[in-house]
Amino acid sequence: MKALVLAAVLALAAGSAHAAACKVEAANKKLAGAAMNSFMAKCEKDATAACTKDSDDKKLSGAARNSHMKKCVADAVGG
């Protein structure tokens with residue numbers, strides 16, 4: 001599981017994240033209830049960290065940063 005999350009984070013950092021990565025992975029693992037909530041929370045946290053790094057690398061600020069972060073995290077999480 002850690003390898004898959006790491007792969008997703010690396011893909012985000014490279015700017016080539018697959019849409020709905022976390023939701024698809026959760027469905028493939030057949031997670032439900034508390035396990036799904038925990039997985040999705042960790043996935044969103046990891047995606048936010050990767051997107052923040054990407055925003056910093058691109059030297060984005062203000063509205064451009066906010067827009068990038070929102071889209072980046074949504075693409076990674078799948079929502």
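This passage describes the nonpolar core, the packing of two helices and several salt bridges in a predicted model. Residues are numbered from 1 along each chain as its sequence is written, and side-chain values use heavy atoms, with hydrogens and water left out. Because the model is predicted, local features need pLDDT of at least 70 and side-chain atom pairs count only at pLDDT 80 or more, whereas totals for chains, interfaces and linings use all residues.

The largest nonpolar core, a core being a set of buried Ala, Val, Leu, Ile, Met, Phe, Trp, Tyr and Cys residues joined through side-chain atoms within 4.5 Å, has 12 residues, namely Cys22, Ala26, Phe39, Met40, Cys43, Ala47, Cys51, Met69, Cys72, Val73, Ala76 and Val77. Two or more residues of this core come from each of helix H2 (21–28), helix H3 (33–57) and helix H4 (62–77), where helices are DSSP runs (H or I, at least four residues) numbered from the N terminus. Cysteine 51, a member of the core, is in contact (heavy atoms within 4.5 Å) with His68, Met69, Cys72 and Val73, if its neighbours within four places in sequence are left aside.

The axes of H3 and H4, which are lines fitted to C-alpha atoms over the stretch in contact, with angles running from 0 to 180 degrees between N-to-C directions, come within 9 Å and cross at roughly 140°. H3 is therefore oblique to H4, since angles under 35 degrees count as roughly parallel, over 145 as roughly antiparallel, 65 to 115 as roughly perpendicular and the rest as oblique. Among the residues that meet between these helices are Met40, Ala47, Cys51 and Asp54 in H3 and Arg65, His68, Met69 and Val77 in H4.

Side chains of opposite charge can pair when their charged atoms come close. With a salt bridge taken as a side-chain nitrogen of Lys or Arg within 4 Å of a carboxyl oxygen of Asp or Glu, the count comes to 6. In one of them, lysine 71 is joined to aspartate 75, with the closest N and O atoms 2.7 Å apart; both residues lie in helix H4, 4 residues apart, about one turn of the helix. Lysine 71 is exposed at 53% relative accessible area and aspartate 75 partly exposed at 29%, where buried means under 20%, exposed over 50% and partly exposed in between (1.4 Å probe, protein chains only). Aspartate 54 forms another salt bridge, with lysine 58, at 3.4 Å; aspartate 54 is buried at 10%, whereas lysine 58 is partly exposed at 48%.
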